Every structure is written in structure tokens, then in C-alpha cells.
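Here's a quick tour of the structure below. Keep the 3D view open and follow along as you read.

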Amino acid sequence: MNPPREFYLCGNGASVPWAEVPAWPAEEFVAATAAELARGGRLCAWFGVPEADGTCLVAVIAFDAENTLAVGRSLPAVNSYPSLTPGHPQAHLFEREVWEQHGLVPDGHPWLKPVRRQGGGHPAAGEFFRVAGGEIHEVSVGPVHAGIIEPGHFRFQCNGEEVLHLEIALGYQHRGVETALAGGPHRATLSQLETVAGDTTIGHATAYATIMESLAGEEAPLRAQWLRALALELERLANHTGDLGALAGDVAFLPTAAACGKIRGDFLNLTALICGNRFGRGLVRPGGCRHDLETARAGALLGRLRAALADVNQAAEWLWAANSVRARFELTGTVASVQAAELGLVGVAARASGLVRDVRFDHPAGWHRFAPVPVAVWPDGDVLARARVRSLEIQRSGKFLEDQLGTPPDGEIFTAARPPAGDTLAVALVEGWRGEICHVAITDAAGRFRRYKITDPSFHNWPGLALAMRGQAISDFPICNKSFNLSYCGFDL
Amino acid sequence: MIAVLELFLRLAAWLLLAPLLPGIINRVKSWVAGRRGPPVLQLYYDLARLWRKGIVLSTAVSPAHIAGPALAWVALVGAALLLPVGQAGATLSFRGDALLFVYLLAFARFCLALAALDTGSAFAGMGVAREVSYAVLAEAAIITALLTLCVQSNSVSLVTMLAPSAGAGAALLAAGLFGVLLAENCRVPFDDPNTHLELTMIHEAMVLDHSGPPLAAILHGAALKLLLFAVLLTEAVLPLGKLSLLPALAALAGSVLLVAVIAGLVESLMARLAFRRVPLLLTTAFVLCVFALLVAWKGGMP
């Protein structure tokens, strides 16, 4: 069999029979992937699929400017393959994950260690990169933190107050989501996906619903797509507002911190107005939505939305007007746009480094095909830029919601889905509030999940936080961390 | 007999009133933020609760870990008793007690730092390093402020020094001392007393490993220190020593309340500084005190 010439090209929400996914021998596959990345591709997912005689590597690569996804795979490989990471750092965590899950060693990987477990022990039990020298001290923070947040371990190499290197060890919340999904879909699947990252319920549920609809070869009714888009932006509004408040709180700037905590609740209550749950649980399901938004409630939602938007814009104005806040945010935790591109950052973190990356714009699916959202970009790459991008997105999501609430499509909100196709690969991208959520499903002959791969935006972005801390004061870690606000459970799966 | 009674009265006033100030500051903050906020007496409840609790000790610590907070508290109470109240003077007063005052404050800090270092924790070490680095600058400012009062009153006894107003340089001295007050009491913009983020803490990182009664002593000592600085600031600026007892007490109470409210407003309306900028602000406070000194020293000359 001759190796294929190129990857399978498709759009967001497409599916392709597994047999038609181009397959290369592992070494050539790595070379082909490297070539795609070199010509501007971005690695959305890189994972293993166990086969009888080894492990297939699968790559999903996004070409944002061309609105195209490229899918390819390797023939089953055993033991090892040449690493992609030395030339393309964005593959760094993906290759470690494949090694951890399937035992496939990427030869030449510069820092090969598990991503979630350390030889069966807890995540912080592993080796850490250490800086030598009499003046150097090591600070370890977590996994138990002083606030009510998720567990993660941070290992700083410091020279006085300056951080030379930060290494992050996660995996404390590893629940085995992907293992549990295999063999599905079953009755718990939707609930499991809604809680991959609890604050991104709509994002992950929408990605899953898109996968199921793609496998069934049909779309959800337009009105359901419209509802999903509304809920996705409400989720973004609530979380971005909470983040602005938390950033203000970390620098002890009281007015915005106090106001945003309350306004976040207002936005969450708007989601509850649609579906009865503040986090949107139970709204999105394969085939459509479970709750409709009648005209009267849509009107009430619009009124309350306008009030909350006015409040949050005011709270953001206080933040920008305070010199003491700007002094803290500017030039803190800078990630240059070249670094952001090399690491493959997504979402707010990427856009704050000047990269124009937004799935809603680059790879529109569902309602976003008819109602585009402008991409909010800020060039500086520091904490201020990440706060600014959030604030811009709050305004634009608000505008989007105001526009869309006025022009609802008519029709059903649900159609019973046909059974999923067998031996098929489906891929769905959704721009959650943190960034790009990528789900890839591969079904067996009976249409059950052989492999369900989830890439939360946090998986791309945690290395960005580690990089942002280089040369920073260790006391600025909390605001850098808050400005990324990444998910621990979304990473740990 | 009367002297003993007076001592007890003063001691009771200092010890009982001190925890009120953080409560007032928190009230101002919650008012600005539109929240209901904790009760003004919250610190009293906290102290009572901590006092009833047991002590959890790390296996690594020596007796200094317990002795530190106790000694620091005693030193702060001693410093408080050196401050005069209007014409009633101080409990203890002698020539040069201003020096003892400065040293008692420094000794209290030393004890807390020792108790913190005793744990061997990275956080406590960081907290102590920050605390003592900034103290170098804060102490320079407070010594200059006292020197100003010395020059003006031609005395090194706090009773005489604090009796008159600071005169022409009063505004400079007030601004300088207010900066020192915020820094020494770990208020915004120098530190954030409410933060839970270990990596950004100064004073809080030093006391992370304390629990029960020693923590109560630390918290009460901190409140006492805040009251002490507010009283010092007021007496340096206003001529309380020229008033009779009741008006002097009323003016003192009003001014201390005002200081607490201003501290609360500062805390409400500005973010805290990055650590690398803290020395700038402390140096500004020091320079303000230096100018007050210059005014006191050369101001009377033709």
C-alpha cells in the first residue's frame, strides 16, 4: 500500500468512515504531521487508538485561515515512534499523554513524564525540573490550596522573588472520563460530558451533541442551534465576568471584585431562566435541546440581560480607570505571540497574545454559520491584555445575544436522532469560554464509541501559564493564574 | 492605689478598644462595596473563639514558636503604655523613652519573625524576608518622624514630644506617618489582610502556621499595633497635651476613628502595589518625614 499524499480535509462537525482516514506508517505520519504544522496548521488533538496489533496515532489539525480541519492517522505502531515535540512544542503534552495512556514512547521527547499520574503515585511524586545554585530556592504550592479551588501542584524555582521556572503537576481530579465513555453512548454519557469541566457545561455538551448528530448524519433543528448559541454566550458572559472580578480581587481592588461577584450570579440566573439550571445542565442533548425559550421568557431574558450588561461594563470601567490596577496588570505575565503560536495556545490566552483564533469565526458550526461573532484580540500578551479580551468579549457576546434574541428561528427544538454510524470518526470544535473544545469520537462496527477523545482548552493552555511566569515576581503568580483561569478537571479528565 | 487603678484603666482601654479598629475598617470597606459586611465586633468573636481552641504544633518547631507571639504581644502592650494620653501623661515616662518605643516595636517584629522562621516553611520564610526588608524602610520613616518631634520639643521623652502640635510640618508628618501606619499594619496598598493567596502574603504568610491562643495573641497584637500607630499619628499632629482630659480624649477618639475610616477608604478604592514598587512608596513616606524634620529644624530660623 502506498502512503497517502495528504490528510483528509473536512469542516467542523464532519464525520468520515474510519477506513477512509488516510493512514501512514508511524514515522511518515509524524513527518507528514510536522509538515502540516510547519505550513501553519494547529494541533487540535493528537491521541492514540488501541488496535489489535498496536496503537494508531490520530491527528486533528486546524487550518484557521482556510476554515478547514485535517484528519490523519498512523498505521498501528508498537513501542515507539519519532517525537513530534522537538520541532513543534505544541505536541509536548499530547505526546506525553499518548505515552501515559498507551505506552507508546515518543523517541527524542525532551521531557517525557506522565501528565496525570506519576508511576501510580500522586502527580507531585514525579521528577521536577530543578535549577541548581546556592541562591536558588524551591517553593511548592498545592495540591491543597488556601481557597476553595481545584487541586493542582505548582513547583517554582526561585531566585529571591523572581521565578526562574515553574512546573505544573496536575491529575488530582483524574476521574477516567475517557475510559468511562468508551462503549457508549449510554445513559450516563451526557451527564459525564456535562461535567468534564463543570463551568463549561454548555461547551462540552454542545460538542458532544454535534458529534452524535454528525455520526447520525443529520443536524439539530435550527431553533435548537439558536438556543445552544445563546446558552454558549451566556456561559461566556458569566465566566468572563467572574474572572474580571477575581482578577480585581487578587490585587485587592474592591469595587470591581465586589460588583462582578454579584453580576456573575445575574448571568448564571439567565441560563437558569432558559433551562432551570444555572450552569445549563440538561439543556443541550443530541438531536436538539430539552427546553424552549418562548417569546415572553425571551423578552424577560433580554431585559435582565441589558441590566446586567450595563452593570458589568460599569464594573469594568472602574477597573480600567484605576491606575493602581493598571500598574499591576501591565507587563505582568507576558506571553509573546510567537511563543503563544508555538505552544498552540487557544481561546482568551491566544487572542490576548495577538493571535486571531476563535472557533466561532474560523470553524463556524451550528448557529454561528448564520450569525458570526467578531474576534476580540489584544496584542500585548500580558495580564491586562487577557483582562481586556474578556471585557471585549463580554461586550460582543452581549451584542450577539441582543441581536439574536430579536430574531428567533421558528420550529422544533428536538428531532429524535438516528443511531450513530459504525466505524466512523467524527470531530467537533466548540469555542467554549476558555477556548477551543475539541471532541473526537471513533465508533466500532455497532456504532458504539471505540474511543472518545476530549481536548479541553486548558490542555493547550497550562504550559502557557508556566511560560508566562518566567522572570516574573512569584507574588504575581496569583494574578497570572487568574488571568488564564484554566480548568483542572477539564485537564485531568 | 490610684496609680495602680489608673494603670489598669489604661491597660483595659488599650486591650479592649484595639480590636474595634479592624472592625471599623472592614465596615467602611463593606459600605463602599455595597455589602452588609461582618459585624464591627467580629474580631472580638474571633479572639474568643481562638482562645478556646487548642494549639496545633508542627513537629519541627522549637519553643520559640510559642514564645514569639507571646513576647511580641507583651512588647506591643509595653509600647502602648509609653504613649501619653492628653495631659494625663503616660503610665511610664522617662528621658529617652522614645528610643524604647522604637525598640519595642522592632522587638515585637523580631519575635514574630523568629517564630515564623522556626517552622522552616517556604511560605513563612518568604513572608519574613518581605516583612523585614520593608521594615528597614518603614523604621527609617518612623525614626525620622520621632526625630522631628524631638527637634521641635527639644526633648526625648514621648510625653513632652507629643504634647504640642507638630507645627508647620504637621501635614508632611501626618502623610508620612499614615504611610508608615498602612505599611506596618499590612494594609492595602502594601499588603492585603484579606488575601488567601500564600504567594502574595507578607504578614499573613508569617502567621500561617500559628493556631489557637498564640494566633489570638498575634491578631490582638496586630490590632493593638494599628491603634498604637493611629494614636501616635494623632498625637504627633494635634496638640492634645494642651487640652484638658475630656476634650483630649474626645479629640483622640474622633481622630483615631477618622484614621480608620481613611484607611478603609484607601483599601476600598485602590489596588495593592506590586512588591517591587513598595520600597518607592515607603521611601516617599520617609522623605515626607525628612522634610517635616527640615521644617522643624530650620523652620524657626529667620
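**Where the two chains meet**

Let's begin with the contact: chain A puts in 23 residues and chain B puts in 22 residues. Keep in mind that this is a predicted model, with an ipTM of 0.85 and a pTM of 0.90.

**Chain A's side of the contact**

- Four elements of chain A give two or more residues each to the side that touches chain B: strand S9 (136-141), H7, helix H9 (323-329) and helix H15 (477-484).
- Which element gives the most to the side of chain A that touches chain B? That's H9(A), with 4 residues.
- Sorted by class, chain A's touching side has 16 nonpolar, 3 polar and 4 charged residues.

**A helix pair across the chains**

- Find helix H7 of chain A (residues 254-275) and helix H2 of chain B (residues 20-33): their axes come within 9 Å and cross at roughly 60°.
- Parallel, perpendicular or oblique? At that angle, H7(A) and H2(B) are oblique to each other.
- The crossing of H7(A) past H2(B) is right-handed.
- On the H7(A) side, the residues that meet the other helix are A:Leu254, A:Pro255 and A:Ala258, and their partners in H2(B) are B:Lys29, B:Val32 and B:Ala33.
- Split by class, the residues where H7(A) touches H2(B) come out as 5 nonpolar, no polar and 1 charged.

**A helix pair inside chain A**

- Now look for helix H6 (residues 222-250) and helix H13 (residues 383-406), both in chain A: their axes come within 9 Å and cross at roughly 150°.
- Angles over 145 degrees count as roughly antiparallel, so that's the label for H6(A) and H13(A).
- H6(A) passes H13(A) in a left-handed crossing.
- Plenty of residues take part here: from H6(A) they include A:Trp226, A:Leu230, A:Arg236 and A:Leu247, while those from H13(A) include A:Ala387, A:Ile394, A:Phe400 and A:Gln404.
- How do the residues in the contact of H6(A) with H13(A) divide by class? You get 10 nonpolar, 6 polar and 5 charged.

**Chain A as a whole**

- Chain A mixes its element types, with 16 helices and 16 strands.
- A compact globule of 493 residues would have a radius of gyration near 23 Å, and chain A has 22 Å, so the two agree.
- Along its principal axes, the C-alpha trace of chain A spans about 70 × 65 × 40 Å.

**Chain B as a whole**

- How many helices and strands does chain B have? The count is 12 helices and 0 strands.
- Reading from the N terminus, the elements of chain B go α-α-α-α-α-α-α-α-α-α-α-α.
- For 302 residues, you'd expect a radius of gyration near 19 Å from a compact globule, and chain B agrees because its value is 19 Å.
- The C-alpha trace of chain B spans about 65 × 50 × 40 Å along its principal axes.

**How confident the prediction is for chain B**

- Chain B has a mean pLDDT of 90, and 99% of its residues reach 70 or more.
- Which elements of chain B have the lowest and the highest mean pLDDT? Helix H9 of chain B (residues 203-206) has the lowest, at 86, and helix H3 of chain B (residues 42-52) has the highest, at 96.

Note on methods. Residues numbered from 1 in each chain as written. Chains lettered and ligands numbered in written order. Predicted model: local features only at pLDDT ≥ 70, side-chain atom pairs only at ≥ 80, totals over all residues. Axes fitted to C-alpha atoms, helices over the stretch in contact; angles between N-to-C directions. Parallel < 35°, antiparallel > 145°, perpendicular 65-115°, else oblique. Left-handed = near helix turned anticlockwise from the far one by under 90°. Contact = placed C-beta atoms within 7 Å. Nonpolar A, V, L, I, M, F, W, Y, C, P; charged D, E, K, R; others polar. pLDDT = per-residue confidence, 0-100. Rg over C-alpha atoms; globule rule 2.2 N^0.38 Å.
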